[in-house]
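Please work through the exercises below with the sequence and the model open beside you, and try each task before reading its solution.

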Amino acid sequence: MALSPQSFVEHALRTSIADDCIVIVHDKTSANLRWANNTLTTNGVMHGLDVTVISFVRGAAGVATGSVTGTATDQAGVTTLVQAADAAARAGSPAEDAADLVRDAVSADWDELPVPTDIHVYDAFAPALGEAFGRASAADRVLYGFVNHEITTTYLGSTTGLRLRHVQPTGHYACTGKPTDLSSSAWVGGATRDFVGVDPLALDAELERRLGWAKRRVDLPAGRYDTILPPSAVADLMIDAYWYAGARVAHEGQSVYSRRGGGTRVGDRIAQAGVQLFSDPAYDPLQCAPFVVASQSGNESSVFDNGLPLGRTDWIRDGELTALLQTRHSAGLTGLPVTPAIDNLVLSVDGGAGSEADLVAGTERGLLLTCLWYIREVDPQSLLLTGLTRDGVYLVENGEITGAVNNFRFNDSPVDLLNRFTHASATVPSFSREWGDDYFSRTATPALRVPDFNMSSVSQAQ
């Protein structure tokens with residue numbers, strides 16, 4: 001009989017000879033399908049179990065920590081991780097982020113088994129995908145894509161009485177379409193918790209529509225363009241705005257959220273009135289862990305904060321910066337409330353209505369993007385980013401899409417965009433092409449129309 005994740009937690013806590021110990025077990029199953037040239041190429045189901053042991057050793061100068069993560073299939077493997085973490089803590093220097101550990105919180109479902117996924121999550125999707133292959137082939141179109149669904153059950157236990165459990169489903173789908181001469185490409189994608197309602201035929205129909213737009217090609221020079229950023233591209237940019245919102249870095253004068261003369265810009269207006277940026281573990285359908293899970297300490301995370309409860313946090317409220325990513329340690333440095341990172345992000349604009357298509361209909365001449373990629377920071381003080389457009393930049397004329405244009409390299413700041421956009425759609429669940437596959441898939445954003453988005457150079461990427 002396989003040992004349960006809870007038994008690994010209890011064994012580690014009993015085995016550790018440190019003064020305190022935290023154990024985090026992630027039990028993850030995943031199922032995927034991949035296709036190319038209108039043919040399913042691979043499928044698979046995987047299971048893995050990762051164990052993190054964090055040991056705490058008190059000394060005259062403070063509390064030292066040691067954190068070790070590895071795989072384990074039996075108690076002997078867990079013992080090895082515990083011994084390594086205990087040794088690292090004994091050899092370590094006092095931690096600057098030391099704080100009292102969270103105590104005595106127990107999830108009602110702690111004793112339940114991990115929740116798995118399997119290939120049956122695609123029972124409705126796979127047959128419809130086969131129909132989409134036939135439809136695409138008949139129209140001289142080829143499809144390439146990937147779907148992945150995983151469920152991670154997390155167990156967090158400690159010598160201070162924590163016994164917390166969270167089940168996190170995560171799924172995404174992406175499909176690229178090309179004519180058989182490979183002269184253009186288009187992309188559609190999204191996030192899902194369960195693949196209910198994800199329709200391959202609808203995805204193929206959207207790709208057919210976009211490839212139709214690309215039958216007329218227009219070359220444009222670099223410049224500033226009236227540009228519609230769809231929800232996916234807005235998610236690409238807002239995730240960077242969130243990831244770089246560390247309070248300590250801002251307090252030390254190293255980010256766009258730093259105030260000249262010292263401190264942070266919390267309390268300053270940094271976006272238009274009506275802009276709301278927030279995270280909420282209970283936001284439907286982006287639900288995520290309602291407590292802190294931290295395997296390492298850093299500027300935006302602390303192992304001492306494991307188990308802290310999480311609720312809605314407003315990062316920007318009505319255009320005003322109201323919070324930054326905080327540990328208890330950084331909150332002590334900045335004098336601001338404790339606001340740990342949360343694994344989802346929502347951008348909304350008061351009065352935002354309609355869809356991306358409505359923004360197109362209201363544009364006299366401009367560009368509609370699909371998504372962004374290869375995004376990198378250029379200047380932390382302004383959060384200037386650079387990157388490339390990908391898989392479709394479309395020309396809008398008199399409210400209609402009249403062709404496709406070349407790709408561009410862009411240089412712009414997501415924080416600055418929140419002051420410059422002129423129109424916003426309603427907020428909808430979105431998926432970042434750049435970051436959603438592996439790092440951050442739970443976003444909801446509107447489409448934004450920016451009158452002067454900076455296409456700094458023409459890209460030769462096709």
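A residue counts as buried under 20% relative accessible area, as exposed over 50%, and as partly exposed in between. The structure is a predicted model, and the exercises apply these cut-offs to it.

**Exercise 1. Classify Asp-268 and Arg-259 by accessibility, and state how they are paired.**

Solution. Begin with Arg-259, whose relative accessibility is 34%, so that it counts as partly exposed. Continue with Asp-268, which has a relative accessible area of 25% and is likewise partly exposed. Finally, turn to the pairing: the two residues form a salt bridge in which the closest N and O atoms lie 2.8 Å apart.

**Exercise 2. Place the salt bridge between Glu-434 and Arg-376 in the chain, and decide how far each partner is covered.**

Solution. The first step is the distance, which is 3.7 Å from N to O for these two side chains. Next comes the location: Glu-434 belongs to the loop between β18 (428-430) and β19 (443-445), while Arg-376 belongs to strand β13 (residues 365-379), so the salt bridge ties together parts that are 58 residues apart in sequence. The last step is accessibility, where Glu-434 at 18% counts as buried, whereas Arg-376 at 39% counts as partly exposed.

**Exercise 3. Which elements does the salt bridge between Arg-163 and Glu-10 tie together?**

Solution. Start from the contact itself, in which the closest N and O atoms of Arg-163 and Glu-10 are 2.8 Å apart. Because Arg-163 lies in strand β5 (residues 163-179) and Glu-10 in helix α1 (residues 5-15), the pair joins parts that are 153 residues apart in sequence. Then compare each value with the cut-offs: Arg-163, at a relative accessible area of 19%, is buried, and Glu-10, at 24%, is partly exposed. To set this pair in context, a search of the whole structure finds 28 salt bridges, and a network of them links Arg-135, Arg-141, Asp-204 and Glu-208.

**Exercise 4. How many disulfides does the structure hold, and which cysteine sulfur is nearest to that of Cys-371?**

Solution. The count of disulfides is zero. For Cys-371, the nearest cysteine sulfur is that of Cys-175, and it is 13 Å away, whereas a disulfide would need the pair of sulfur atoms to be within 2.5 Å. As for accessibility, Cys-371 is buried, with a relative accessible area of 1%, and Cys-21 is also buried, with a value of 1%.

**Exercise 5. Check the span of helix α5, and describe how it is covered and what follows it.**

Solution. Taking 1.5 Å a residue, the 13 residues of α5 should span 18 Å, and the end C-alpha atoms are 18 Å apart, which agrees. Next, consider cover: twelve of the 13 residues are buried, among them Pro-231, Leu-237 and Tyr-242. Then move to the loop between α5 (231-243) and α6 (247-251), where Tyr-244 is placed; its relative accessible area of 32% makes Tyr-244 partly exposed. To finish, Trp-243, Tyr-244 and Tyr-439 make a nonpolar surface patch of about 330 Å².

**Exercise 6. Describe the surroundings of Met-455.**

Solution. First locate Met-455, which lies in strand β20 (residues 448-458), and note that it is buried, with a relative accessible area of 0%. Second, consider the residues that Met-455 touches beyond four places away in sequence, including Tyr-225, Leu-367, Leu-369 and Phe-408. Third, for Phe-408, the C-alpha atom is separated from that of Met-455 by 5.9 Å, although the two residues are 47 residues apart along the chain.

Notes. Residues are numbered from 1 along each chain as its sequence is written. This is a predicted model: local features need pLDDT of at least 70, side-chain atom pairs count only at pLDDT 80 or more; totals for chains, interfaces and linings use all residues. Side-chain values use heavy atoms; hydrogens and water are left out. A salt bridge is a side-chain nitrogen of Lys or Arg within 4 Å of a carboxyl oxygen of Asp or Glu. Helices (H or I, at least four residues) and strands (E, at least two) are DSSP runs, numbered from the N terminus. Buried means under 20% relative accessible area, exposed over 50%, partly exposed in between (1.4 Å probe, protein chains only). Patches are made of residues with over 30% relative accessible area and no salt bridge: like charges are joined within 9 Å, nonpolar side chains (Val, Leu, Ile, Met, Phe, Trp, Tyr) within 5 Å. Accessible areas come from the Shrake-Rupley method with a 1.4 Å probe; for residues, only the protein chains shown count as cover. The expected span of a helix is 1.5 Å times one less than its number of residues. Contact means heavy atoms within 4.5 Å.
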